[in-house]
Amino acid sequence: MEKSKLVPFIRHNLDILFIGLNPAKGSSENGHYFSVNPAFWNQLYIAGLITKRVDKLIADNIVFGSNVINLNGWEYGITDLITEVAESDSRKIKPTDNDCRRLEREIRKYRPKTAIFLHGKVTKTFLPYLGLKSVRANHGRIGKIMGNCPTMFYSIAFPHGNNIPSLMKVKKYKEVKNCL
């Protein structure tokens, strides 16, 4: 494991905050989120959350750093449950209550309309931290799970490297799009 070079794209007035487990090594080395495999960007495009296909090497700057190709000019951001460690093998990642507390503070501070857990381990760690039962990866809409916080939560499986078909993930992204 190494220290991540990625800086989260998180700010006020986000329509969607994507929440990964931690930055991948390749993404950290490239200096851009989801820059190794284009699956995430392709799923957002097919679902209609972005209006143009994007080059994976600069997509995060376009989609999270601006809203020029985001549907309806919506604002998107990204962070991770664990922001400081770059590792591609999620089995080596061990989230702690401190990680959950930091994420909870950020969500309460920035109050995104929607937050999407992008990894089963995020869902399996964060929901029990809040005292809630976990849901499966690609569950879809979870609900408003944090008291005094208007954020609607979803669980959508990681874009690649699992046995959930891409079209099932796209279907969940379309549900998010239709609820915004």
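Let us start in the loop between helix H3 (59–63) and S3, where Asn72 is found. In this predicted model, Asn72 has a positive phi of about 55°, although it is not a glycine. Most residues other than glycine have a negative phi. Asn72 is also exposed, with a relative accessible area of 59%.

A second residue invites the same kind of look. Arg111 lies in the loop between H4 and strand S5 (114–117). Arg111, not a glycine either, has a positive phi of about 50°. With a relative accessible area of 40%, Arg111 counts as partly exposed.

Now follow the chain from the loop of Asn72 into S3. This strand belongs to an open sheet of five strands, in the order S3-S2-S5-S7-S6 and with mixed pairing. S3 and strand S6 (140–143) are the edge strands, each pairing on one side only. On average, neighbouring strands of this sheet are turned by 25° against each other, direction ignored. As a reminder, strands of a sheet pair through backbone hydrogen bonds, either parallel or antiparallel.

The partner of S3 is strand S2 (residues 16–20), and the two pair in the parallel sense over five bridges. You can trace this pairing residue by residue: Tyr76 in S3 is the bridge partner of Ile16, and Ile19 stands opposite Thr79 in S3. Helix H4 (residues 97–110) packs on the sheet, touching S2, S3 and strand S7 (152–155). The direction of H4 makes about 160° with that of S3.

How covered is the edge strand S3? Five of its five residues are buried. In a regular strand the side chains alternate between the two faces of the sheet. Here Tyr76, Ile78 and Asp80 point one way from S3, while Gly77 and Thr79 point the other way.

Among these residues, Asp80 deserves a pause. Asp80 lies in strand S3 (residues 76–80), and it is buried yet has no salt bridge. Why is Arg102, the nearest side chain of opposite charge, not a salt-bridge partner of Asp80? A salt bridge needs a side-chain nitrogen of Lys or Arg within 4 Å of a carboxyl oxygen of Asp or Glu, and Arg102 is 7.5 Å away, so the pair does not count. What the side chain of Asp80 does reach is the backbone nitrogen of Asn22, at 3.4 Å. Leaving aside residues up to four places away in sequence, Asp80 touches Ile19, Gly20, Leu21, Asn22, Pro23, Tyr33 and Arg102.

Arg102 has a salt bridge of its own, with Glu106 (3.0 Å, N to O). Both residues lie in helix H4, four residues apart, about one turn of the helix. Glu106 and Arg102 are both buried.

Looking across the whole structure, a search finds seven salt bridges. The side chains of Glu175 and Lys172 form a salt bridge at 3.7 Å, N to O. These two lie in helix H6 (residues 166–179), three residues apart, about one turn of the helix. Glu175 is partly exposed at 28% relative accessibility, whereas Lys172 is buried, with a relative accessible area of 12%. Finally, the side chains of Asp89 and Arg91 meet in a salt bridge at 3.0 Å, N to O, and Arg91 is exposed at 65% relative accessibility.

Notes. Residues are numbered from 1 along each chain as its sequence is written. This is a predicted model: local features need pLDDT of at least 70, side-chain atom pairs count only at pLDDT 80 or more; totals for chains, interfaces and linings use all residues. Side-chain values use heavy atoms; hydrogens and water are left out. Buried means under 20% relative accessible area, exposed over 50%, partly exposed in between (1.4 Å probe, protein chains only). Lys and Arg count as positive and Asp and Glu as negative; His and the chain ends are not counted. A polar contact is a pair of N or O atoms within 3.5 Å; within protein, one must be able to donate a hydrogen and the other to accept it, and residues adjacent in sequence count only if both atoms are side-chain atoms. Contact means heavy atoms within 4.5 Å. Two strands pair if DSSP finds at least two bridges between them. Axes are lines fitted to C-alpha atoms, for helices over the stretch in contact, and angles run from 0 to 180 degrees between N-to-C directions.
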